[in-house]
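Colleague: Here's the model I wanted to go through. Put it up and I'll fire off questions.

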Amino acid sequence: MPRILLGVSGGIAAYKALEFIRLASAAGHSVRVVQTPTGRRFVGEASFAALSGAPVLTDEFEHDPARGAFPGQELPAHQPLSHLQLVANADIYLIAPASANTLAKLAGGLADNLLTSCALAATCPVVVAPAMNNHMYEHAATQSNIDVLRARGVHIVEPGIGRLASLGEQGVGRLAEPERLLSVCEEILVTGSPSGSAPDSGATSASSSGAVSTTSGGANAVPSGADWSGLRVLVTAGGTREPIDSVRFVGNSSSGRMGLALADAARLRGAEVTLVAANVGLQPPAAIAVRRVSTAAELQATCEQEFRTCDVLLMAAAVADFRPASPVDGKIKKGGRRRLTIELEPTADVLCGLSSQREPGQTLVAFAAEHGSDALEHARAKLSAKGVDAVVFNDISRADIGFESVVNEVTILTSDRAEQVPRAPKESIASAILDVVDRLRETA
Ligand code: CTP
């Protein structure tokens, strides 16, 4: 069970650290929390202790009832001599949110509280996710502190652009979303470095999305894979909803994470990306053009407008195959009914419609969630049935991957091979899919 030490410094975004613990625990990680005294003023230790299932420490000389052990780890027989036993036991140390003040202390090597002392004592990878007011973030002092940390090999999860805590304030400084923080940690735990980083090239990734970088240099450099500058990529994500009446619908549980990861990966390679988002609650990076839709018919109409000019189509949306034949205007009343039958009619197959109009030079990728013994063969049959170049197959009988999870495991089917991509964060899966698109475009 991977052990994540979470350092929470002062800032409104401290509440997002709670969600991080919930997601990390659900994904099977063991989490312990250290807070700065200011961090504790924003979200109290009781919430962190309840969610992590372990005591929370703030003071360097505080007694640790868990003796430096993480949940699931055996308690040592003796009280460790050092208050830093906790970080010695960690596989990764994530500091989120990292306030401007904490960043400055980390860059200066100060160790005036447990969070900063742990950072100095850490031998595991350290990930820092800044969150603050946009002016504080853009200040030369903060930027130079971030550069210092990067140069030392600290992974920086850059903040996103958007509404900030102060009333009416917009700008860069929002803490990266908890899902993003978790996938970065998982990626580092699995591979040693996050996708979207280019540790040896001196490049940074674009900064608007919670992107990760480990070295200093110019913004918007291509982090991995081929350069997609000049390519137009159309991505569909999420799940359609087909109305039963004005308030109810037939839908599915696709979160849109896979589509978002694909859109972001294409953007990081330099492509111009349009995302057709069907009921996606997650926030796409600001640099991506988003067209929001709800039903299969709306998705179809929007894709038909965008398809002609795209070079690559990544059809990750879960599109309803059927919809209520006669949606009711208003809310259906229960009345005295003991049973309600809703007649469904087929929707259009959006992908088949698009592939029938495809032009040479376009690359089309379908996604197939299948289960059962013939799952792989069903997925393979979609290569010709849908008129696409690749089908990304995932096995939905597995509860630990897929629809709502931050990780996935897929097989990418093309006419001549089946490439297995082992369990990994959706960002890594997205990168593997884009690599296959590169190969297809080279050989086309
Ligand atoms: N798709 C689509 N329009 C639909 C249904 C699916 O464009 N009405 C797309 C999906 O976005 C996906 C691919 O087709 O990229 C395969 O989806 P899937 O649901 O597996 O295909 P179906 O044709 O619905 O086949 P099945 O009967 O196995 O559900």
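**Working through the model**

Colleague: Start with C352. Buried or exposed, or somewhere in between?

Modeller: C352 counts as partly exposed, because its relative accessibility is 26%. Buried means under 20% relative accessible area, exposed means over 50%, and partly exposed is in between, with a 1.4 Å probe and protein chains only.

Colleague: What are the ground rules for this model?

Modeller: This is a predicted model, so local features need pLDDT of at least 70 and side-chain atom pairs count only at pLDDT 80 or more, while totals for chains, interfaces and linings use all residues. Residues are numbered from 1 along each chain as its sequence is written, and side-chain values use heavy atoms, with hydrogens and water left out.

Colleague: And C185, buried or exposed?

Modeller: C185 is buried, because its relative accessible area is 0%.

Colleague: How many disulfides in the whole structure?

Modeller: Zero, after a search of the whole structure. The criterion is a pair of cysteine sulfur atoms within 2.5 Å.

Colleague: Moving to the ligand. Which residues come nearest?

Modeller: M315, A317, D321, K382 and K386, out of 16 residues around the ligand. A residue is near if one of its heavy atoms lies within 4 Å.

Colleague: What polar contact does K386 make with the ligand?

Modeller: An N or O atom in the K386 side chain is 2.6 Å from a ligand oxygen. A polar contact is a pair of N or O atoms within 3.5 Å; within protein, one must be able to donate a hydrogen and the other to accept it, and residues adjacent in sequence count only if both atoms are side-chain atoms. The backbone is involved too: a backbone N or O atom of M315 is 2.8 Å from a ligand oxygen, and a polar backbone atom of F367 is 3.0 Å from a ligand oxygen.

Colleague: How much of the ligand does the protein cover?

Modeller: 75% of the 570 Å² of accessible area that the ligand has on its own. The areas come from the Shrake-Rupley method with a 1.4 Å probe, and for residues, only the protein chains shown count as cover.

Colleague: Which element gives the largest share of the shell around the ligand?

Modeller: β17, with four residues. Both α12 (350-355) and β17 (363-370) supply at least two residues of the shell. Helices (H or I, at least four residues) and strands (E, at least two) are DSSP runs, numbered from the N terminus.

Colleague: What about α14, is it mostly covered or mostly open?

Modeller: Mostly covered, since 13 of the 18 residues of α14 are buried.

Colleague: Now the helix with S183. Where does that side chain reach?

Modeller: S183 is in helix α9 (residues 178-191), and its side chain reaches the backbone oxygen of R180 at 3.1 Å. S183 counts as buried because its relative accessible area is 2%.

Colleague: Any backbone oddities to list?

Modeller: A cis peptide bond joins A96 and P97, with omega about 0 degrees, and P97 lies in strand β3 (residues 92-98). R67 is not a glycine, yet has a positive phi of about 50 degrees. N279, also not a glycine, has a positive phi of about 55 degrees. For background, most residues other than glycine have a negative phi, and most peptide bonds are trans.

Colleague: Where is N279?

Modeller: In the loop between β12 (272-278) and β13 (289-293). N279 counts as partly exposed, because its relative accessibility is 25%.
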